[in-house]
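Thanks for coming, everyone. I'll take you through one model this morning. Have a look at it first, and then we'll talk.

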Amino acid sequence: MAEKVGIDSKLDKTDYQGLMELTSALNARYSDRGEVHKIAKAVLASLFPGWMPPWFGVLFSRPFPGFSSRLNAWATFIAGTWLMGECEINDCEIDGGGIGKNQGLLVKRCRFLEEAGCASVCVNSCKIPTQNFFCQDMNLPLTMTPDYETGECQFSFGKTPTAAGELEASKTPCLSRCPSSGQMRLWHSKVQPSNPVAQCSLMDVEEEPM
């Protein structure tokens, strides 16, 4: 991540605060949130062998969508606990309106969101890049639904993000504990929002391919 951001933290590689320093630097360095999405997605992709994502789509996602969703829910459960905190596998809504058994992952209180203290950082550095990675690179639909009241986040593998869902996430108000007091939103939007309390301007609606 340090290579992608262009700076490194002086903290130990295993120190969570080092990750948060780099995340803050990424969001502060680029006013174009699309660039933040691209870099965060590239960091996630770098954790996998280069050949794996496209072949996963060919060998698993398309022919075995249910199995692939369950596999990735469990993989995220195993690999993501350090990043996100306590998680549990659950059932979730999937494309077509059905329920995917064990295709979901519930993050009970997201460590990343709690440490960032910023809904905009959550959406632009985690939610959108992660969804894009799975949808575009792994050919596996994923919708992430953060709850800014409880700190929970629902991963729904097998559910394609919708414009309405992304709009709802983008309209979340600034968190009271936001370390930038909303200034990060102004930096990314480059405009003064008409109602800065009601909506994070960093997340002004802008359609992106999923």
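Let me start with a quick one: does Asn139 count as buried, partly exposed or exposed? Asn139 counts as partly exposed, because its relative accessibility is 30%. You'll find Asn139 in the loop between α7 and β3. Its backbone deserves a look too. Most residues other than glycine have a negative phi. Asn139 has a positive one, near 55 degrees. That turn of the backbone comes just after α7.

A word of caution before going on. This is a predicted model. Everything I quote is computed from that model.

Now the overall layout. The chain has 210 residues, and buried residues make up 45% of them. It holds 9 helices and 4 strands. Read along the sequence, the order is α-α-α-α-α-β-β-α-α-β-β-α-α. So much for the outline.

There is another asparagine to point out. Asn102 is not a glycine either, yet its phi is positive, at about 60 degrees. Asn102 sits in strand β2, which runs over residues 99-107. How accessible is Asn102? Its relative accessible area is 29%, so Asn102 is partly exposed.

Next, α7. What length should we expect for this helix? At 1.5 Å a residue, its 19 residues should span 27 Å. The end C-alpha atoms of α7 are 25 Å apart, which agrees. The helix does bend, though. The bend is about 25 degrees, at Lys127. A proline, Pro129, follows within four residues. And α7 is well covered: 17 of its 19 residues are buried, so the rest of the structure largely encloses this helix.

On to the empty space. The largest pocket holds about 1,100 Å³. Its lining takes in 39 residues. Which of them lie nearest the centre? Those are Leu19, Val43, Leu44, Leu47 and Leu83. Several helices give two or more residues to this lining: α2 (16-29), α3 (33-45), α4 (52-61), α5 (65-84) and α7 (119-137). The largest share, 9 residues, comes from α5. By residue type, the pocket lining has 27 nonpolar, 8 polar and 4 charged.

Two of those helices bring me to some distances. Take Ala40, in helix α3. Ala40 is buried, because its relative accessible area of 12% is under the 20% cut-off. Ala40 and Ile128 are 88 residues apart in sequence. In space, their C-alpha atoms are 9.1 Å apart. Now take Gln17, in helix α2. Gln17 counts as partly exposed, at 36% relative accessibility. Along the chain, 98 residues separate Gln17 from Glu115. C-alpha to C-alpha, that pair is separated by 8.3 Å.

Back to empty space, this time closed off. How many cavities of 30 Å³ or more turn up in the whole structure? The search finds 1. Its volume is about 80 Å³. The lining includes Met84, Phe112, Leu113, Met144 and Pro146. Cysteines are in there as well: Cys110, Cys122, Cys126 and Cys153. Lys127 and Glu152 also line this cavity. So Lys127 appears in both stories: the bend in α7, and the cavity lining. Three elements each supply at least two residues to the cavity lining, namely α6 (111-116), α7 and β3 (142-146). The largest share, 3 residues, comes from α7. By type, the lining has 9 nonpolar residues, no polar ones and 2 charged.

With those cysteines in view, someone will ask about disulfides. A disulfide is a covalent bond between the sulfur atoms of two cysteines. How many does the model have? The count comes to 0. Why is Cys153 not bonded to Cys122? The closest cysteine sulfur to that of Cys153 is in Cys122, 6.3 Å away, and that is too far for a bond. The cut-off for a disulfide is 2.5 Å. Cys153 counts as buried, at 8% relative accessibility. Cys118 also counts as buried, at 4%.

That's my tour. Questions, please.

Note on methods:
Residues numbered from 1 in each chain as written. Predicted model: local features only at pLDDT ≥ 70, side-chain atom pairs only at ≥ 80, totals over all residues. Heavy atoms only, no water. 1 Å grid on protein atoms, 1.4 Å probe; cavity = no way out; pocket = protein on both sides within 12 Å on 5 of 7 lines; lining within 4 Å. Points joined across faces, edges and corners; volume = space filled by probe spheres on them. Nonpolar A, V, L, I, M, F, W, Y, C, P; charged D, E, K, R; others polar. Buried < 20%, exposed > 50% of the residue type's maximum accessible area, 1.4 Å probe, protein only. Expected span 1.5 Å × (residues − 1). Bend = angle between axes of the 7 residues up to and from the residue.
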